Amino acid sequence: MKFNFPISITLLSSFFFFACAESDTPPASETEVTVNHFDTLKHWMTGSFNSSLQAQNDSDYYDISLEMHEVWKEDPSTWIYVEQALSSAKDRPYRQRVYRLDQEDSIYQSFIYEFNDPSIYTGQWNNDSLWSAITPDSVLLKEGCEVSLLWDEANHVFAGATDSATCMSTLRGASFATSIVTVYPEAINSWDRGFDSTGAYVWGAEKAGYEFIRQE
């Protein structure tokens, strides 16, 4: 049986330290190196994706269309419009959000924002005149729902998650929701689940996250 959606997009983080040699080499705190992969993350997170291959191979998953496109490009911050819908009903998305990407040292964060009236943005990610008519302060931050991402040097992916129980949700009896995300060059894996006040699972994928493959 297919599980209830929505799912959201949605990663693990780590710091990179280089050990110092003895003698006249400065202490480790002075040789710490932070590699900036921010532009790579933005590039990998933007585009058109879907889960059609996963749905073909596993009937527990829906064929979902995921659109992620940069908006407000003149703003100092990086903003990505996110739209999710059944691939058979792209004109009726069930989730519309804006993500703001930020970086603090080697931690990359995706902050989640909602619209007051999302319907006017459906399919409009390339409509610059629409986006220029509003400003980033018109969207509403979902407190505690940010995803913290780290660059995994060994596997060359970004991986991360929300904090354990900070993203409040009332969907289908839930008290909070969690997201675990991995971002690849050509795919995004997102596992969103809701839990009640006792920590019992109430919605979302049961086995693993959704596998969204880049289409363009």
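Colleague: Helices here are DSSP runs of H or I with at least four residues, strands are runs of E with at least two, and both are numbered from the N terminus. With that in mind, where is Thr162 found?

Modeller: This is a predicted model, and in it Thr162 is found in the loop between β8 (157-161) and β9 (167-168).

Colleague: Is Thr162 buried or exposed?

Modeller: Thr162 counts as buried because its relative accessibility is 12%, and the cut-off for buried is under 20%.

Colleague: Which residues is Thr162 in contact with?

Modeller: If we leave aside its neighbours within four places in sequence, Thr162 is in contact with Cys145, Glu146 and Val147, and also with Ala177, Thr178 and Ser179.

Colleague: Cys145 caught my eye; which residue does a disulfide join to Cys145?

Modeller: The partner is Cys167, with an S to S distance of 1.9 Å, and the count for the model comes to 1 disulfide. Cys145 lies in the loop between β6 (140-141) and β7 (147-152), whereas Cys167 lies in strand β9, so the bond ties together parts that are 22 residues apart in sequence.

Colleague: What handedness does the disulfide of Cys145 and Cys167 have, and are the two buried or exposed?

Modeller: The torsion about the S-S bond is about 85°, so the disulfide is right-handed. As for the surroundings, Cys145 and Cys167 are both buried.

Colleague: Changing topic, how much space lies in the second largest pocket, and which residues line it?

Modeller: The second largest pocket holds about 160 Å³ of space. Its lining is made up of Glu70, Val71, Trp72, Lys73 and Glu74, together with Trp125, Asp128, Trp131 and Ser132. The elements that give two or more residues to that lining are β2 (64-71) and α4 (128-132), and α4 provides the largest share, with 3 residues.

Colleague: What is the make-up of that lining by class?

Modeller: The lining of the second largest pocket has 4 nonpolar residues, 4 charged residues and 1 polar residue.

Colleague: Trp72 is in that lining, and I'd like to know where it is found and what its phi is.

Modeller: Trp72 is found in the loop between β2 and β3 (78-86), and its phi is near 50°, which is a positive value in a residue other than glycine. Trp72 also counts as buried because its relative accessibility is 10%. Asp105, in the loop between β4 (95-104) and β5 (107-114), has a positive phi too, of about 55°, although it is not a glycine.

Colleague: And Trp125 from the lining, where is it found, and what does it touch?

Modeller: Trp125 is found in the loop between β5 and α4. Not counting residues up to four places away in sequence, Trp125 touches Glu67, His69, Val71, Tyr81, Glu83 and Trp131. Its C-alpha atom is separated by 8.8 Å from that of Val82, a residue 43 places apart from it along the chain.

Colleague: Is Trp125 buried or exposed?

Modeller: At 17% relative accessibility, Trp125 counts as buried, since buried means under 20%.

Colleague: What about the nonpolar cores: in the largest, which residues touch the most other members?

Modeller: The largest nonpolar core has 28 residues, and those that touch the most other members are Leu41, Met45, Met68, Ile80, Tyr99, Phe158 and Val183. Helix α2 (residues 38-45) gives the most to this core, with 4 residues. Apart from it lies another core of 14 residues, and among them are Trp79, Tyr113, Ile134 and the Trp125 we have just discussed.

Colleague: Last topic, the later loops: where does Thr170 lie, and is it buried or exposed?

Modeller: Thr170 lies in the loop between β9 and β10 (176-183), and it is exposed because its relative accessible area is 74%, where the cut-off for exposed is over 50%. The C-alpha atoms of Thr170 and Asp196 are separated by 8.7 Å, although the two residues are 26 residues apart along the chain.

Colleague: And Ala205, where is that found, and is it buried or exposed?

Modeller: Ala205 is found in the loop between β12 (201-204) and β13 (210-214), and with a relative accessible area of 1% it is buried. Its C-alpha atom and that of Trp191, 14 residues apart along the chain, are separated by 6.7 Å. Tyr201, whose place is in strand β12, is partly exposed, with a relative accessible area of 34%.

Technical notes
Residues are numbered from 1 along each chain as its sequence is written. This is a predicted model: local features need pLDDT of at least 70, side-chain atom pairs count only at pLDDT 80 or more; totals for chains, interfaces and linings use all residues. Side-chain values use heavy atoms; hydrogens and water are left out. On a 1 Å grid over the protein atoms alone, a cavity is a set of points where a 1.4 Å probe fits but cannot get out, and a pocket is an open set with protein on both sides within 12 Å along at least five of seven lines; lining residues have an atom within 4 Å of a point. Grid points are joined across faces, edges and corners, and a volume is the space filled by probe spheres set on the points. Ala, Val, Leu, Ile, Met, Phe, Trp, Tyr, Cys and Pro count as nonpolar, Asp, Glu, Lys and Arg as charged, and the others, Gly among them, as polar. Buried means under 20% relative accessible area, exposed over 50%, partly exposed in between (1.4 Å probe, protein chains only). Contact means heavy atoms within 4.5 Å. A nonpolar core is a set of buried Ala, Val, Leu, Ile, Met, Phe, Trp, Tyr and Cys residues joined through side-chain atoms within 4.5 Å. A disulfide is a pair of cysteine sulfur atoms within 2.5 Å.
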